[in-house]
Amino acid sequence: MLNQESREHDMPTPHWPKASTVELEDWGAGSNTLAGSPRASGKILSQNPDGSSECGLWSCTPGSRKVTFAADEFCHFLSGHGTYVHENGEQIPVEAGTLVFFPAGWTGTSIIIETLTKAFMCR
């Protein structure tokens, strides 16, 4: 009989050979919209069974939203253009190639000028 750790190593490694070809699912309009009509979509690549972490792709159309990151989130922006503005006034411009780590509890405004797409990891 295999133990849990052995079974996990026998499972295929989650991966997408080309992120740009992954078909995203409609995740709907944000509930905290400030301006425009931002609509999110995404797809989860992997999620821990206990919900302690997940990773995948996320995209959102132009508009402004109030955002709070419930968990630590590392983001690698793949396309688009926008700015995250922390409630303390700090501005974080984002575009293709930008890397950002949002600590749990980070609160501010997301201003999307051109549809943003990112790869993310939450824990």
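Exposed here means over 50% relative accessible area, and buried means under 20%, with partly exposed in between. By that yardstick Asp-26, at 51% relative accessibility, counts as exposed. The model is a predicted one, and what follows walks through its charged pairs, its aromatic rings and its nonpolar core.

Asp-26 is a handy place to start, since its side chain meets that of Arg-39 in a salt bridge, 2.9 Å from N to O. Arg-39 sits in strand S3 (residues 39–47) and Asp-26 in strand S1 (residues 25–29), so the bridge ties together parts that are 13 residues apart in sequence. Arg-39 has a relative accessible area of 40%, so this partner is partly exposed. The count of salt bridges comes to three.

Another of these bridges joins Arg-123 and Asp-72, with the closest N and O atoms 3.0 Å apart. Here the link is between distant parts of the chain: Arg-123 belongs to the segment after S9, while Asp-72 is in the loop between strand S5 (63–68) and S6, 51 residues apart. The two ends sit in contrasting surroundings, because Arg-123 is exposed at a relative accessible area of 59%, whereas Asp-72 is buried at 18% relative accessibility.

Lys-118 and Glu-73 also form a salt bridge, and their closest N and O atoms are 2.7 Å apart. This pair, too, links distant parts of the chain, with Lys-118 in strand S9 and Glu-73 in strand S6, 45 residues apart. Lys-118 counts as buried because its relative accessibility is 4%, under the 20% cut-off. Glu-73 is buried as well, at 10% relative accessibility. Lys-118 has an aromatic neighbour besides: it lies over the face of Trp-58, at 4.5 Å from the ring centre.

Next to Lys-118 in the numbering comes Thr-117, which lies in strand S9 (residues 107–122). Thr-117 is buried too, with 16% relative accessibility. Its side chain makes a polar contact of 3.0 Å with the side chain of Ser-59. Setting aside neighbours within four places in sequence, Thr-117 is in contact with Trp-58, Ser-59, His-76, Phe-77, Leu-78 and Ser-79. Trp-58 therefore turns up both in the contacts of Thr-117 and under Lys-118.

On to the rings. The structure holds seven aromatic pairs. One of them is Tyr-84 with Trp-106, an edge-to-face arrangement with 6.2 Å centre to centre and 70° between the planes. The pair links distant parts of the chain, with Tyr-84 in strand S6 (residues 73–86) and Trp-106 in the loop between strand S8 (99–102) and S9, 22 residues apart. Tyr-84 is buried, given its relative accessible area of 1%, and Trp-106 counts as buried at 6% relative accessibility. Trp-106 also pairs with Phe-102, again edge-to-face, at 5.0 Å centre to centre and 70° between the planes. Phe-102 has a relative accessible area of 0%, so this ring is buried. Taken together, Phe-69, Phe-77, Tyr-84, Phe-102 and Trp-106 form one aromatic cluster.

Some of these names come back in the interior. The largest nonpolar core has 17 residues, of which Trp-58, Tyr-84 and Phe-102 touch the most other members. Strand S4 (54–60), S6, strand S7 (91–95), S8 and S9 each supply at least two residues of this core. The biggest giver is S9, with four residues. Tyr-84 and Phe-102 thus have a place both in the aromatic cluster and among the best-connected members of the core.

Phe-74 makes a good last stop. Phe-74 is in strand S6, and a relative accessible area of 40% makes this residue partly exposed. Not counting residues up to four places away in sequence, Phe-74 touches Leu-99, Val-100, Phe-101, Ala-119, Phe-120 and Met-121. Arg-39, also partly exposed with a relative accessible area of 40%, is 35 residues from Phe-74 along the chain, and the C-alpha atoms of the two are separated by 21 Å.

Note on methods:
Residues are numbered from 1 along each chain as its sequence is written. This is a predicted model: local features need pLDDT of at least 70, side-chain atom pairs count only at pLDDT 80 or more; totals for chains, interfaces and linings use all residues. Side-chain values use heavy atoms; hydrogens and water are left out. Buried means under 20% relative accessible area, exposed over 50%, partly exposed in between (1.4 Å probe, protein chains only). A polar contact is a pair of N or O atoms within 3.5 Å; within protein, one must be able to donate a hydrogen and the other to accept it, and residues adjacent in sequence count only if both atoms are side-chain atoms. Contact means heavy atoms within 4.5 Å. Rings of Phe, Tyr and Trp (its six-membered ring) pair if their centres lie within 6.5 Å; planes under 30 degrees apart count as stacked, over 60 as edge-to-face and the rest as tilted. A charge sits over a ring if NZ of Lys or CZ of Arg is within 6 Å of the ring centre and within 35 degrees of the ring normal. A salt bridge is a side-chain nitrogen of Lys or Arg within 4 Å of a carboxyl oxygen of Asp or Glu. A nonpolar core is a set of buried Ala, Val, Leu, Ile, Met, Phe, Trp, Tyr and Cys residues joined through side-chain atoms within 4.5 Å.
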